[in-house]
Amino acid sequence: MKLTIFAATGGIGRQILEQAVAAGHDVTAVVRNPEKLSGQAVRIVTADLADPDPAVLETAVDGADAILSGLGPRSRADAGITAPGTRAIVAAMQTTDVRRIVAVSAAPVGTVPSPGRPQPPKHDPGDGFFMRNLFSHVGKAMLREHFADLARMEDILRDSGLDWTITRPPKLTDKPLTGSYRTAFGQNIRGGWSIPRADVAHHMLRVLDQPETIKQFIGIAS
């Protein structure tokens with residue numbers, strides 16, 4: 001399969017890249033700093049999604065079977081990059097007639113207001129007592145800008161007309177790939193506190209062969 005991976009040097013993006021190459025896919029990696037991929041046997045496109053060049057992004061996605069986006073802020077200073085970056089990716093896909101995209105969001109986002117969903121559910125149906133009444137409030141308070149950005153990103157994909165899938169993991173870890181995790185359509189995972197980035201990447205690649213995941217939000221956790 002011909003894949004274009006955005007944010008391919010990030011925590012999840014690098015895992016997607018390594019697993020995609022190992023599986024024999026034809027990979028284009030879109031990165032801000034190509035030096036971070038030195039030695040990788042992939043096509044590299046240099047692009048800054050904070051200030052994207054539409055022609056460069058169109059070149060990156062043209063002819064791809066699917067797009068995978070690990071785009072997200074690496075620090076609070078980067079908060080706000082995901083929605084506009086995703087909007088630029090979507091525009092490039094629409095111009096080049098590429099339809100399939102899989103993107104990563106976060107477990108709390110289903111209850112975060114956005115312009116497209118000003119009154120989301122107060123609680124996620126998959127969250128247990130402690131998540132609903134304590135941990136989700138703390139997390140949202142600490143990462144309010146980050147989650148609001150992801151909620152706007154979800155709006156963009158939902159309204160794009162593309163064949164999208166959005167993965168919503170909880171806390172991410174750097175533990176090794178297990179290939180063993182739980183998923184659920186449209187809700188978080190009960191008791192799912194964390195998941196390795198490698199498993200999130202594994203799932204994002206796996207759903208490419210699962211048409212039933214198109215236009216679905218998928219909760220995932222160990």
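Here is a short walk through a predicted model, from a strand near the start of the chain to a helix and a cavity.

Let's begin with strand S1, residues 2–6, where four of the five residues are buried. S1 has pairing partners to look at. One is strand S2 (residues 26–31), which pairs with S1 in the parallel sense over five bridges; if you want a spot to check, Leu3 has Val27 in S2 as its bridge partner. To get from S1 to S2 the chain goes through helix H1 (residues 11–22), and this β-α-β crossover is right-handed. Another partner is strand S4 (residues 66–69), which runs parallel to S1 and is joined to it by four bridges. Here Ile5 is the residue to click on, since its bridge partner in S4 is Leu68.

Now jump along the chain to helix H5, residues 144–158. How far apart are its end C-alpha atoms? They are 21 Å apart, and that agrees with the expected span, because 15 residues at 1.5 Å a residue should also give 21 Å. Much of H5 is tucked away: Phe147, Ala148, Asp149, Leu150, Ala151, Met153, Glu154, Asp155, Ile156 and Leu157 are buried.

That brings us to empty space. Rolling a probe the size of a water molecule over the atoms shows where such space is left. The count comes to one cavity of 30 Å³ or more, with a volume of about 30 Å³. Which residues line this cavity? Val109, Val112, Ser114, Arg117, Ala151, Glu154, Asp155 and Arg158 do. By class, that lining has three nonpolar, one polar and four charged residues. Ala151, Glu154 and Asp155 are names you've met already, as buried residues of H5.

Note on methods. Residues numbered from 1 in each chain as written. Predicted model: local features only at pLDDT ≥ 70, side-chain atom pairs only at ≥ 80, totals over all residues. Heavy atoms only, no water. Helix = DSSP H or I, 4+ residues; strand = E, 2+ residues; numbered from the N terminus. Expected span 1.5 Å × (residues − 1). Buried < 20%, exposed > 50% of the residue type's maximum accessible area, 1.4 Å probe, protein only. 1 Å grid on protein atoms, 1.4 Å probe; cavity = no way out; pocket = protein on both sides within 12 Å on 5 of 7 lines; lining within 4 Å. Points joined across faces, edges and corners; volume = space filled by probe spheres on them. Nonpolar A, V, L, I, M, F, W, Y, C, P; charged D, E, K, R; others polar. Pairing = 2+ DSSP bridges. Right-handed = clockwise from strand over helix to strand, strands pointing away.
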